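Q: I have a chain on my screen and would like a close look at one part of it, with enough of the surroundings to see how that part fits in. Could you walk me through it?

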Amino acid sequence: MNTKLANLGPKSEAMLRRAGITTEEQLRSLGAARAYVMVKRCGVGASLNLLWALEGALTRRSWQAVAKTERLDLLLQVEALMAGDGRRPGSSSSRRTGSRTPRPIAAASRLSTKR
C-alpha cells in the first residue's frame, strides 16, 4: 500500500500488507479495529500504537489524539471482534471450530518444586 496517510510509515504498511490489506480502500472498508485484529492474527506483534495510528490515518488525526479520545471505544471494538469468532490474536487457525479444546499450561511444567 503506497499511501500518504498520516501516521502510517513503512513498518505499518508492511504489517498491513502481511494481513492482506494492500489498498487504502480496503483499509477504509475494514475500519481501524478490524484491520488491527487482522494484523494481530498474522502474528506480527503490533502494539496498540498501530490501532491508534490506523484510526488517526482514517480520521486525519494524530495517533496521540486518538489514543487520548478514542481509546476505550477502539479497545471495546477490538475485544468484540476477537470474541466474536473465538480466536485470539496471532491464532493460526483460519476456520472456526464448534468448540475449543483447552491447551495445557506449558509454564506449569517449568515450575520448580524447590522452595
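In which order do the elements of the chain run from the N terminus on? And once that is clear, please take me to helix H4 and what it touches.

A: Happy to, and please keep in mind that this is a predicted model. From the N terminus on, the elements run α-α-α-α-α-α-α, so to speak a chain of seven helices and zero strands. Of its 115 residues, 28% are buried. Among the contacts with a separation of 6 or more, 43% join residues 24 or more positions apart.

Now to H4, which spans residues 48-59. Let's begin with its meeting with H6, residues 71-84. The axes of H4 and H6 come within 11 Å and cross at roughly 110 degrees. Angles of 65 to 115 degrees count as roughly perpendicular, and that makes H4 roughly perpendicular to H6. By class, this contact has six nonpolar, no polar and two charged residues. On the H4 side you will find Leu48, Leu51, Trp52 and Glu55, and they meet Arg71, Leu74, Leu75 and Val78 in H6.

Leu51 also leads us into the interior. The largest nonpolar core has 24 residues, and Leu51 is listed with Leu8, Leu16, Leu27, Tyr36 and Leu54 as those that touch the most other members. H3, H4, H5 and H6 each supply at least two residues of this core, and H4 gives the most, with seven residues. As background, nonpolar side chains tend to be buried together in soluble globular proteins.

Leu54 of that group is worth selecting on your screen. Leaving aside its neighbours within four places in sequence, Leu54 is in contact with Leu8, Leu16, Leu27, Ala32, Ala35 and Tyr36.

One of those partners, Leu16, takes us to H1, residues 10-18, where Ser12, Glu13 and Leu16 are buried. These three residues lie on the same side of H1, because they cover an arc of only 95 degrees around its axis. What covers the buried residues of H1 includes H3 (32-41) and our helix H4. Turn to the other side of H1 and you will see Pro10, Lys11 and Arg18, which are exposed. After H1 comes Gly20, with a positive phi near 90 degrees.

To pull this together, H4 meets H6, gives seven residues to the largest nonpolar core and helps to cover the buried residues of H1.

Conventions. Residues are numbered from 1 along each chain as its sequence is written. This is a predicted model: local features need pLDDT of at least 70, side-chain atom pairs count only at pLDDT 80 or more; totals for chains, interfaces and linings use all residues. Side-chain values use heavy atoms; hydrogens and water are left out. Buried means under 20% relative accessible area, exposed over 50%, partly exposed in between (1.4 Å probe, protein chains only). Helices (H or I, at least four residues) and strands (E, at least two) are DSSP runs, numbered from the N terminus. The arc is that of the directions from the helix axis to the C-beta atoms. Contact means heavy atoms within 4.5 Å. Axes are lines fitted to C-alpha atoms, for helices over the stretch in contact, and angles run from 0 to 180 degrees between N-to-C directions. Angles under 35 degrees count as roughly parallel, over 145 as roughly antiparallel, 65 to 115 as roughly perpendicular and the rest as oblique. Ala, Val, Leu, Ile, Met, Phe, Trp, Tyr, Cys and Pro count as nonpolar, Asp, Glu, Lys and Arg as charged, and the others, Gly among them, as polar. A nonpolar core is a set of buried Ala, Val, Leu, Ile, Met, Phe, Trp, Tyr and Cys residues joined through side-chain atoms within 4.5 Å.
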